[in-house]
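Subject: The structure we talked about

Hi there,

Here is the structure I promised to send over. Please open it next to this email, and then read on for what turned up.

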Amino acid sequence: MLQHHSVKHRRSCVTAFSMALLGIALSGCVSAEERQYRDANTCQSFGAPYGSRAYTNCMLEQQARRDNAQRESLEQTRLTQEIARNAQDMADRARWERCGRDPGRRECRR
């Protein structure tokens with residue numbers, strides 16, 4: 001027999017699942033020192049000597065790229081959560097409408 005959970009329970013499951021995905025994604029992150037080392041190597045490979053204005057600008061551009069990527073990732077996560085919430089709301093609304101038309105349905109029993 002199927003068990004039906006409340007909307008609140010389903011939403012908390014969606015939120016927990018989304019947070020788990022975010023945690024998995026962030027577990028692949030590197031430390032701040034490793035990031036700085038990589039950025040420094042990138043800027044020096046572009047021909048910007050350490051301490052120069054070009055080096056400083058390059059390091060700032062590297063940080064801006066990383067910030068933009070993180071912002072886009074967070075926005076994508078937010079949109080995914082919103083889509084999941086909307087889908088759950090639509091499914092719940094459809095179930096309530098079916099139950100309103102035919103209260104004897106198995107999914108309508110509690």
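Which residues does Ala40 touch, leaving aside those up to four places away in sequence? Its partners on that count are Tyr55 and Met59. Please keep in mind throughout that this is a predicted model.

First, the overall layout. The chain has three helices and zero strands, so to read it from the N terminus you simply follow α-α-α. Of its 110 residues, 16% are buried. The accessible surface comes to about 8700 Å², and carbon and sulfur atoms account for 56% of that. If you look at contacts between residues at least 6 apart in sequence, 35% of them join residues at least 24 apart.

Now back to Ala40, which belongs to the largest nonpolar core, together with Cys43, Ala48, Tyr55, Cys58 and Met59. Two elements each give two or more residues to this core: helix 2 (32-45) and helix 3 (53-101). Helix 3 gives the most, with three residues. As general background, nonpolar side chains in soluble globular proteins tend to be buried together.

Helix 2 deserves a look of its own. Its 14 residues should span 20 Å at 1.5 Å a residue, and the end C-alpha atoms are indeed 20 Å apart, so the two values agree. The buried residues in helix 2 are Asp39, Ala40 and Cys43. Because they cover an arc of only 100° around the axis, they sit on the same side of helix 2. The general rule behind such patterns is that an α-helix has 3.6 residues a turn, so residues three or four places apart point the same way. Part of the cover over the buried residues of helix 2 comes from helix 3. On the face turned away from that buried side you will find the exposed residues Tyr37 and Ser45. Just after helix 2, have a look at Gly47, which takes a positive phi of about 95°.

One more spot to visit is Glu107, in the segment after helix 3. Is Glu107 buried or exposed? It is buried: its relative accessible area is 15%, and the cut-off for buried is under 20%. The Glu107 side chain has polar contacts with two arginine side chains, at 2.7 Å to Arg98 and at 2.9 Å to Arg105.

Happy to go through any of this with you over coffee.

Best wishes

Key:
Residues are numbered from 1 along each chain as its sequence is written. This is a predicted model: local features need pLDDT of at least 70, side-chain atom pairs count only at pLDDT 80 or more; totals for chains, interfaces and linings use all residues. Side-chain values use heavy atoms; hydrogens and water are left out. A nonpolar core is a set of buried Ala, Val, Leu, Ile, Met, Phe, Trp, Tyr and Cys residues joined through side-chain atoms within 4.5 Å. Buried means under 20% relative accessible area, exposed over 50%, partly exposed in between (1.4 Å probe, protein chains only). Helices (H or I, at least four residues) and strands (E, at least two) are DSSP runs, numbered from the N terminus. Contact means heavy atoms within 4.5 Å. A polar contact is a pair of N or O atoms within 3.5 Å; within protein, one must be able to donate a hydrogen and the other to accept it, and residues adjacent in sequence count only if both atoms are side-chain atoms. Accessible areas come from the Shrake-Rupley method with a 1.4 Å probe; for residues, only the protein chains shown count as cover. The expected span of a helix is 1.5 Å times one less than its number of residues. The arc is that of the directions from the helix axis to the C-beta atoms.
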